[in-house]
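Trainee: Could you take me through one part of this structure closely, the little sheet and whatever its strands lead on to? I'd love one connected account that I can follow with the model open.

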Amino acid sequence: MSDAESPESSPRHIRVEIAEAICTIRFDRPEKKNALTTAMYADVVAALRAALVDDDVRVVRFIGTPGLFTAGNDLGDFMSRPPADAEAPVFQLIAMLPDYAKPIVAAVDGPAIGLGTTMLLHCDLVVATARARLQMPFIKLGLVPEAASSLLLPSLAGLQRASEWLLLGDAFTGADAHSAGLVNRLVAPEDLESESLALCRALAARPPEALRQSKALLRAPLTAAIRDTMQREGAIFLERLRSPEALEAFTAFFSRPRT
Ligand code: COA
């Protein structure tokens with residue numbers, strides 16, 4: 001049984017810690033570059049749901065392991081048991097992000113691929129290192145953009161830059177993401193933990209109800225369009241996952257030459 005299939009493997013791969021009113025959700029599967037399995041998505045969804053109703057939690061922080069945010073969806077999972085519908089944990093997670101009531105901070109170092117980049121569009125504050133390596137390789141994989149990135153990325157970074165990042169699908173740095181407005185703060189790798197924690201503490205110190213209402217006001221104008229885009233993207237994404245182009249790309253990843 002592979003890691004992706006083992007139900008017991010999941011708790012080791014998503015670590016949830018609550019301290020100082022901050023719920024830290026850590027991607028912790030470094031041997032696979034923190035690639036996200038179905039079980040890991042389910043654990044993240046459960047952690048987000050629990051944090052939402054926990055009065056002791058005021059802020060959520062996403063972070064990975066040193067030098068790694070996440071390599072995105074586990075490509076083995078995409079091949080062996082692709083999500084079938086909107087109930088799949090990956091789509092549940094994507095659906096939760098746009099109007100999540102508590103503020104979310106992301107701390108990004110190293111690879112932040114696929115959802116590792118698109119989820120940042122739904123975070124309230126993003127801290128990254130200059131060596132962070134963001135990438136949305138959907139087209140290279142025979143897929144289409146997800147998580148409303150086809151709507152949010154052009155509005156944030158401009159159509160030309162969004163077209164380059166989505167249509168070519170090449171990696172770009174944390175510094176590029178910072179200059180495009182996708183990242184709030186660039187920090188040294190050794191400061192990522194402490195700087196992201198400092199931002200979480202600052203948010204946690206704000207009056208929570210005013211913070212919740214302000215976040216909702218900031219996000220409300222786009223919510224309907226985001227939902228609509230997610231639905232359109234999701235329907236095509238599910239089809240594309242089973243396309244010959246996608247299967248060829250997934251197979252090529254696992255048979256790539258190793259150095
Ligand atoms: N799904 C499944 N396994 C993955 C993975 C993914 N998305 N990303 C990395 N891994 C695994 C590799 O298969 C390898 O496993 P192995 O040691 O058992 O062979 C291990 O993680 C290390 O990856 P490797 O490619 O050797 O490391 P690298 O430093 O050369 O490259 C990445 C790192 C992240 C740039 C590269 O692994 C990559 O491009 N991954 C795929 C990213 C992707 O397309 N994600 C899907 C987005 S929708």
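Mentor: Happy to! Start with strand 5 and strand 7, which run parallel and are joined by 3 bridges. Keep in mind as you look that this is a predicted model. Within that pairing, A112 stands opposite L134 in strand 7. In general, strands of a sheet pair through backbone hydrogen bonds, and the pairing can be parallel or antiparallel.

Now widen the view a little. The two strands belong to an open sheet of 3 strands, in the order 5-7-8, and the pairing across the sheet is mixed. Strand 5 and strand 8 (172-173) are the edge strands; each has a single partner strand, so one side of each has no neighbour in the sheet.

From here we can step into the largest pocket, since strand 5 (111-113) and strand 7 (133-135) each supply at least two residues of its lining. Helix 3 (75-80), helix 4 (89-96) and helix 11 (244-254) each do so as well. Of the elements, helix 3 gives the most to this lining, with 5 residues. The largest pocket holds about 900 Å³ of space. Its lining counts 41 residues, and if you want to find the centre on screen, look for A35, A71, N73, L75 and F253, which lie nearest to it. Sorted by class, the lining of the largest pocket has 21 nonpolar, 13 charged and 7 polar residues.

There is a second largest pocket to set beside it, with about 530 Å³ of space. For this one, 23 residues form the lining, and L121, C123, D124, L218 and R219 lie nearest the centre. Strand 6 (125-129), helix 6 (149-157) and helix 10 (208-241) are the elements that give two or more residues to that lining. Here helix 10 gives the most, with 8 residues. By class, the lining of the second largest pocket comes to 16 nonpolar, 4 polar and 3 charged residues.

One last stop, away from the pocket counts: helix 2, residues 38-53. Its 16 residues reach 23 Å from the first C-alpha to the last, close to the 22 Å expected at 1.5 Å a residue. Along helix 2, the buried residues include A39, M40, Y41 and V44, and further on V45, A47, L48 and A51 are buried too.

Terms used
Residues are numbered from 1 along each chain as its sequence is written. This is a predicted model: local features need pLDDT of at least 70, side-chain atom pairs count only at pLDDT 80 or more; totals for chains, interfaces and linings use all residues. Side-chain values use heavy atoms; hydrogens and water are left out. On a 1 Å grid over the protein atoms alone, a cavity is a set of points where a 1.4 Å probe fits but cannot get out, and a pocket is an open set with protein on both sides within 12 Å along at least five of seven lines; lining residues have an atom within 4 Å of a point. Grid points are joined across faces, edges and corners, and a volume is the space filled by probe spheres set on the points. Helices (H or I, at least four residues) and strands (E, at least two) are DSSP runs, numbered from the N terminus. Ala, Val, Leu, Ile, Met, Phe, Trp, Tyr, Cys and Pro count as nonpolar, Asp, Glu, Lys and Arg as charged, and the others, Gly among them, as polar. Two strands pair if DSSP finds at least two bridges between them. The expected span of a helix is 1.5 Å times one less than its number of residues. Buried means under 20% relative accessible area, exposed over 50%, partly exposed in between (1.4 Å probe, protein chains only).
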